[in-house]
Structure formats: C-alpha cells, structure tokens
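Got the viewer open? Here is a short walk through the model, one selection at a time.

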Amino acid sequence: MLGQAKGILMQRAGLTAPQAFQLLVRASQDTNMKIADVARWLITDTENNARDQRPTGCPRPPSQPSPSTTGHRPRTVA
C-alpha cells in the first residue's frame, strides 16, 4: 500500500521515492494519522477521481469486468 501511494506521488509531482515517502510521513504527522491510513486515503481518492473522470456510459476496462457478468459479488475493502 505504501509503495502504491509513493508511486502516485512520484507520478503526480515528479518526486523521487525518498521524497514521496517523506511527503507521506509529513502528511501523517500533520494530520495525526497513521501513515498507512494516509496512504489508503490517497489511493482511494485517486481511484475515485479516476472513476469520476470516466465519461458517462464508458465501459469498464477489460481488466475490470462488471460484477454482474462474473457471477460473483464484488469484493469490499475494509
């Protein structure tokens, strides 16, 4: 999870891995949240923004089939 959050920061802001980690540490300290919670928030926010920017009626990417076509219930993340 921390690796994914660092990758998001590296891509968005052009940071190195150590700089991205330091940013996560600083955000953790500033918000009095555990670093894992900061990383989880960043990942979730990024996923939600990507979903919101998809045009209406745009089909899901092939790697993410619709839950109704798989016969399985969608997995929830706690």
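Start by selecting Leu2, Gln4, Ala5, Ile8, Leu9 and Arg12 in helix 1, then add Ile35, Ala39, Leu42, Ile43, Thr46 and Glu47 in helix 3: these two sets meet each other. Keep in mind as you go that this is a predicted model. Colour the selection by residue class and you get eight nonpolar, two polar and two charged residues for the contact of helix 1 with helix 3.

Now switch to cartoon and show helix 1 (residues 2-13) with helix 3 (residues 35-53). Two packed helices are described by the angle between their axes and the distance between the axes. Here the axes come within 9 Å and cross at roughly 55°, which makes helix 1 oblique to helix 3. As for handedness, the crossing of helix 1 and helix 3 is left-handed.

Next, keep helix 1 and swap its partner for helix 2. How do helix 1 and helix 2 pack? Their axes are 9 Å apart, at an angle of about 110°, so helix 1 is roughly perpendicular to helix 2.

For the side chains here, pick Leu2, Ala5, Lys6, Leu9 and Met10 in helix 1; they meet Ala17, Ala20, Phe21, Leu23 and Leu24 in helix 2. By class, the contact of helix 1 with helix 2 has nine nonpolar residues, one charged and no polar ones. Leu2, Ala5 and Leu9 should look familiar: they were in the helix 3 selection too.

Zoom in on Leu23, which sits in helix 2 (residues 17-31). Is Leu23 buried, partly exposed or exposed? Its relative accessibility is 32%, so Leu23 counts as partly exposed. Show what surrounds it: leaving aside neighbours within four places in sequence, Leu23 is in contact with Leu9 and Leu15. Try a distance label between the C-alpha atoms of Leu23 and Leu9: the separation is 8.5 Å, for two residues 14 apart along the chain.

Finally, zoom out and select everything. The protein has four helices and zero strands, so colouring from the N terminus on takes you through α-α-α-α. Turn on the surface: the protein exposes about 6,300 Å², with carbon and sulfur atoms supplying 55% of that. Hide the surface again and pick out the buried residues, which make up 14% of the 78 residues. If you draw a contact map, look at pairs at least 6 apart in sequence: 37% of those contacts join residues at least 24 apart.

How values were computed: Residues are numbered from 1 along each chain as its sequence is written. This is a predicted model: local features need pLDDT of at least 70, side-chain atom pairs count only at pLDDT 80 or more; totals for chains, interfaces and linings use all residues. Side-chain values use heavy atoms; hydrogens and water are left out. Axes are lines fitted to C-alpha atoms, for helices over the stretch in contact, and angles run from 0 to 180 degrees between N-to-C directions. Angles under 35 degrees count as roughly parallel, over 145 as roughly antiparallel, 65 to 115 as roughly perpendicular and the rest as oblique. A crossing is left-handed if the near helix is turned anticlockwise from the far one by less than a right angle, and right-handed if clockwise. Contact means heavy atoms within 4.5 Å. Ala, Val, Leu, Ile, Met, Phe, Trp, Tyr, Cys and Pro count as nonpolar, Asp, Glu, Lys and Arg as charged, and the others, Gly among them, as polar. Buried means under 20% relative accessible area, exposed over 50%, partly exposed in between (1.4 Å probe, protein chains only). Accessible areas come from the Shrake-Rupley method with a 1.4 Å probe; for residues, only the protein chains shown count as cover.
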